[in-house]
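Let's take a look at where this protein leaves empty space, and at a few residues worth a closer look along the way.

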Amino acid sequence: MVERHKMYINGEWVDSESGEIFERVNPANSDEIIGQFQKGNENDVKKAVDAAENAFEYWSETPPPKRGEILFKIGEMLKQQKEDLAKLMTWEMGKVLVEARGDVQEAIDMTYYMAAEGRRLFGHTTTSELKEKFAMTVRRPLGICGLITPWNFPIAIPAWKLMPALICGNTVVFKPSSDTPLCAIKLVEILEKAGIPKGVVNLVTGPGGSVGMSIVKNEKIRSVSFTGHRDTGATILKEAGIKKVSLELGGKNPIIIMDDADLELAVDGVIWGGFGTTGQRCTAASRVIIHENVKAKFEKMIVERIKKLRLGNGLDEKTDIGPLVNRAAQEKSRNYVEIGLKEGGKLLVGGHIPEMKGFFFEPTLFTDCFMDMRIAQEEIFGPVVAVISAKDLNEAIKLANSVEYGLSTSIYTNNVRNAFKAIEKLEAGLTYVNASTIGSEVHLPFGGVKHTGNTREGGILGIEEFSEVKTVYVDYSGKLQRAQIDIE
Ligand code: NDP
């Protein structure tokens, strides 16, 4: 029996008005159905927005430390259920169990971090140009926030948005990816049990084009926080009207390897960055820009390692690489391999769909690539890495910067000058030195430049994303004082 799940609106688990459902299959075994889910529609979004509107006064007036206590409880519950949630995540979207545990841990970390923020939410005080006048800023919630999330971090990314939104006093309409509705439902169940009041968080499952777009266009919603594909982000920006729009989009992240680098360490970094989560991270390392003096040696070392990687069901602890999320992703990787070959790239290893039941794809390495090739420019979001050669650091940095994205970057070098030059010159939201392109921590800002987006999430900037600042002047002089005019 396949379980049928509901959506969560105004504190109740309900069916969609559409009367329709959709199914999700196990990416490691496409014969197995994970569950049936409500195919929400525009009316469901309207109901969710009304519920969020009604709940706003109560929630925004709840003292932030009290909101923090509920978040702390959510953190405790996530911790208790970490293993079950991780297994469910691997079942639903395919990432290997060790990474699924990391995904849940990221949500736990973010929840505790934001819980504590309830006792800060700092504004600032400053001076006034007039006597007997006091000036400060205070933080206010935005109102109703629409959160639209992808499938690749199905608990962590919602937590990166939900927790700062809630601690700041906002109410929420949350639409998860149609590839990972079950993880979202389990997360919202925890929020409900931890005591988030009714209407504060509303979950509407269903297609991006209808449910997502209804959120984007709704005039009562004050802010949309979106993580996903660049093209979806561009459409959202066009359609959102006058509301705050925060976008976390794609990446084409390079690892630069200099001839003074520790090559063993660099190989570890490329394996983890390029093939972890089967290449389906916005921060995945999809380009290796390597000094020509060490290219041959590096390629020999990494090909041996790639050949040893085991594909399989992520629930099997021996598996290194799980499946891609769905058939379209599998086809996309295969198409890019064909494109790469046509463009003159040399396939060193991988490139095929193996004879397996799920949406698997072999870890793939191209070499002798040039920056004008599509496989060196476009986000593939699969286990396909392109190696490009550079004669020195300046050329490597130029190549690294010559893409439309700017999320994560990395350099392997033992030369401090090279490291600092890269920190200064790489156009990106993140630069790692002697570490791969992935590994963000919740108390530091996360996000990118150029077509990667327009925001920073996490850390104290997560509070900026979900609050606005009110400027307050208190004049205790007892007389009319005119700024800029009554100055001595
Ligand atoms: P999509 O843009 O296809 O989907 C993301 C979310 O948007 C889903 O919930 C989707 O719903 C919804 N959506 C789709 N179309 C619309 C629309 N017209 N209006 C409103 N919402 C819509 O991205 P993917 O799920 O494929 O995620 C992968 C992408 O996410 C990659 O490009 C990756 O780089 C990016 N990403 C960026 C990160 C960052 O922080 N910069 C982090 C993680 C991923 P539905 O599922 O129903 O289609």
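What follows is a short tour of the pockets, the cavities and four single residues. Keep in mind that this is a predicted model.

**Open pockets**

The largest pocket has a volume of about 690 Å³. It is lined by 35 residues, and P150, W151, G228, H229 and T232 are the ones closest to its centre. Four elements give two or more residues to this lining: α7 (208-217), β10 (221-227), α8 (230-239) and α11 (327-342). Among them, α7 gives the most, with 5 residues. Sorted by class, the lining of the largest pocket splits into 15 nonpolar, 15 polar and 5 charged residues. Both domain 1 (7-249 + 453-471) and domain 2 (253-433) supply at least three residues each to the lining of this pocket.

Next comes the second largest pocket, at about 450 Å³. Its lining counts 24 residues, with E106, F153, R281, G439 and S440 closest to the centre. Here α4 (97-117) and α5 (156-167) are the elements that give two or more residues, and α4 gives the most, with 6. By class, the lining of the second largest pocket holds 8 nonpolar, 7 polar and 9 charged residues. Where does this pocket sit relative to domain 1 (7-249 + 453-471) and domain 2 (253-433)? It lies between them, because both domains give residues to its lining.

**Closed cavities**

Rolling a probe the size of a water molecule over the atoms shows where empty space is left. Counting cavities of 30 Å³ or more, there are 2. The largest cavity takes up about 90 Å³. Of its 18 lining residues, G279, A284, S286, I380 and F381 lie closest to the centre. Two strands, β13 (285-291) and β16 (384-390), are the elements that give two or more residues to that lining.

The second largest cavity comes in at about 60 Å³. It has 15 lining residues, and those nearest its centre are P254, A400, Y405, G406 and E427. The elements that give two or more residues to its lining are β12 (253-257), α13 (393-401), β17 (405-406) and β18 (408-412).

Here is how the two cavities line up:

| Cavity | Volume | Lining by class |
|---|---|---|
| Largest cavity | about 90 Å³ | 7 nonpolar, 7 polar and 4 charged residues |
| Second largest cavity | about 60 Å³ | 6 nonpolar, 5 polar and 4 charged residues |

**Two buried residues**

Now for N152, which sits in the loop between β7 (144-148) and α5. Is N152 buried or exposed? Its relative accessible area is just 4%, so N152 is buried, the cut-off being under 20%. Leaving out neighbours within four places in sequence, N152 is in contact with M93, K95, D103, I157, Q280, R281, C282 and F381. Two of these names turn up again in the linings: R281 is among the residues closest to the centre of the second largest pocket, and F381 is among those closest to the centre of the largest cavity. Another partner, K95, is 57 residues away from N152 along the chain, yet the C-alpha atoms of the pair are separated by 8.4 Å. As for Q280, its backbone oxygen lies 3.1 Å from a polar atom of the N152 side chain.

E299 belongs to helix α10 (residues 295-308). With a relative accessibility of 11%, E299 counts as buried too. Which residues does E299 touch, not counting those up to four places away in sequence? They are L348, T367 and V387. With T367 there is also a polar contact of 2.4 Å, joining the two side chains. V387 falls within the residue range of β16 (384-390), one of the strands that help line the largest cavity.

**Two positive phi values**

Most residues other than glycine have a negative phi, and most peptide bonds are trans. K450 is not a glycine, but its phi is positive, at about 55°. It is found in strand β20 (residues 449-450) and is partly exposed, with a relative accessible area of 34%.

Q484 also has a positive phi without being a glycine, with a value near 70°. This residue lies in the segment after β21 (467-475). At a relative accessible area of 60%, Q484 is exposed.

Key. Residues numbered from 1 in each chain as written. Predicted model: local features only at pLDDT ≥ 70, side-chain atom pairs only at ≥ 80, totals over all residues. Heavy atoms only, no water. Buried < 20%, exposed > 50% of the residue type's maximum accessible area, 1.4 Å probe, protein only. Polar contact = N/O pair within 3.5 Å; in protein donor to acceptor, adjacent residues only side chain to side chain. Contact = heavy atoms within 4.5 Å. 1 Å grid on protein atoms, 1.4 Å probe; cavity = no way out; pocket = protein on both sides within 12 Å on 5 of 7 lines; lining within 4 Å. Points joined across faces, edges and corners; volume = space filled by probe spheres on them. Nonpolar A, V, L, I, M, F, W, Y, C, P; charged D, E, K, R; others polar. Domains from an automatic or database assignment.
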